[in-house]
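Let's take a stroll through a protein model together. Have a look at the picture first, and then we'll work through some of the details.

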Amino acid sequence: MEKALQTMIDNMPEKTGKSLTEWLEILKEKSFSKHSEAVQYLKKKHQVTHGFANTIVTLSKDEAASDDDLITAQYKGKEELLPIYQALIDYVKTLGEDVTITPKKGSVSIIRKRQFILIKPATKTRIDLGFKLKDQPSTERLGDSGPFGTMCTHRVQLFEVSEVDAELKGWIMEAYEKSI
């Protein structure tokens with residue numbers, strides 16, 4: 001289901017004229033007592049199809065759980081990985097104003113016009129960093145997508161903060177540049 005949802009989010013700007021972040025901002029300005037009222041608002045006022053409207057409203061409720069709460073839950077029992085996560089986020093924030101950081105229940109999507117990296121605390125000792133890097137060959141460090149499947153083309157396993165180095169930042173930058 002997560003793959004289908006990510007595809008829908010990736011297609012949202014083309015199909016609805018706005019990114020998920022833009023739709024969430026629109027809904028923040030309104031207050032609806034019922035899910036169906038918000039769906040009807042998006043359908044009638046913005047001509048969004050039912051599927052997209054329902055997804056946007058559902059995700060707006062997920063956003064109500066704060067990003068910090070989602071990150072805290074992801075790293076519960078894995079707190080030693082937080083410095084790696086923070087180093088990744090600090091770098092991502094330097095890429096441009098068009099980057100959206102979207103925490104979910106089990107991972108964090110980094111999106112430009114579409115997701116270009118995915119940060120997931122995989123074990124108590126490892127973060128898996130998934131990339132969208134078409135036409136990039138796999139190497140010993142930049143492996144195939146592994147458990148990410150088609151959501152990502154490659155994966156790097158991170159065990160310590162020193163691995164957030166120039167090579168890794170180069171791949172992140174390349175994925176960012178290709179995500180337009």
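Which side chain meets Glu174 in a salt bridge? Lys178 does, with N and O 2.9 Å apart. Keep in mind that this is a predicted model. Both residues sit in helix α7, 4 residues apart, which is about one turn of the helix. An α-helix has 3.6 residues a turn, so residues three or four places apart point the same way.

**The helix itself**

Helix α7 runs over residues 166-178, 13 residues in total, and reaches 18 Å from its first C-alpha to its last, close to the 18 Å expected. Its buried residues are Leu168, Trp171, Ile172, Ala175 and Tyr176. Looking down the axis of α7, you'd find these buried residues within an arc of 140°, so they line one face of the helix. What do they pack against? Their neighbours are α6 (82-92), β3 (115-121), β4 (127-131) and β6 (154-158).

**Into the core**

Two of those α7 residues, Leu168 and Ile172, turn up again in the largest nonpolar core, which has 29 residues. They are listed with Leu88, Ile119 and Phe131 as the residues with the most contacts inside it. Helix α6 gives this core its largest share, 6 residues. Phe131 is a busy one: its contacts include Leu168, Trp171, Ile172 and Ala175, along with Phe116 and Val156.

**Charged pairs**

Now back to the salt bridges, of which the whole structure has 6. Here are three of them:

| Pair | Closest N to O |
|---|---|
| Arg126 and Asp128 | 2.6 Å |
| Glu167 and Arg141 | 2.7 Å |
| Glu174 and Lys178 | 2.9 Å |

Are the partners in the first pair buried or exposed? Asp128 is buried, at 2% relative accessible area, and Arg126 is buried too, at 17%. In the second pair, Glu167 is partly exposed at 43%, and Arg141 is partly exposed at 24%. Glu167 lies in helix α7 and Arg141 in the loop between β4 and β5, so this pair ties together parts that are 26 residues apart in sequence. As for the pair we began with, Glu174 is partly exposed at 21%, and so is Lys178 at 37%. There's also a small network, where salt bridges that share partners join Arg126, Asp128 and Arg155.

**One last stop**

Strands β1 (residues 100-103) and β2 pair in the antiparallel sense over 4 bridges. They form a hairpin with 4 residues between them, and Thr102 has Ser109 in β2 as its bridge partner.

Technical notes: Residues are numbered from 1 along each chain as its sequence is written. This is a predicted model: local features need pLDDT of at least 70, side-chain atom pairs count only at pLDDT 80 or more; totals for chains, interfaces and linings use all residues. Side-chain values use heavy atoms; hydrogens and water are left out. Helices (H or I, at least four residues) and strands (E, at least two) are DSSP runs, numbered from the N terminus. The expected span of a helix is 1.5 Å times one less than its number of residues. Buried means under 20% relative accessible area, exposed over 50%, partly exposed in between (1.4 Å probe, protein chains only). The arc is that of the directions from the helix axis to the C-beta atoms. Contact means heavy atoms within 4.5 Å. A nonpolar core is a set of buried Ala, Val, Leu, Ile, Met, Phe, Trp, Tyr and Cys residues joined through side-chain atoms within 4.5 Å. Two strands pair if DSSP finds at least two bridges between them. A salt bridge is a side-chain nitrogen of Lys or Arg within 4 Å of a carboxyl oxygen of Asp or Glu.
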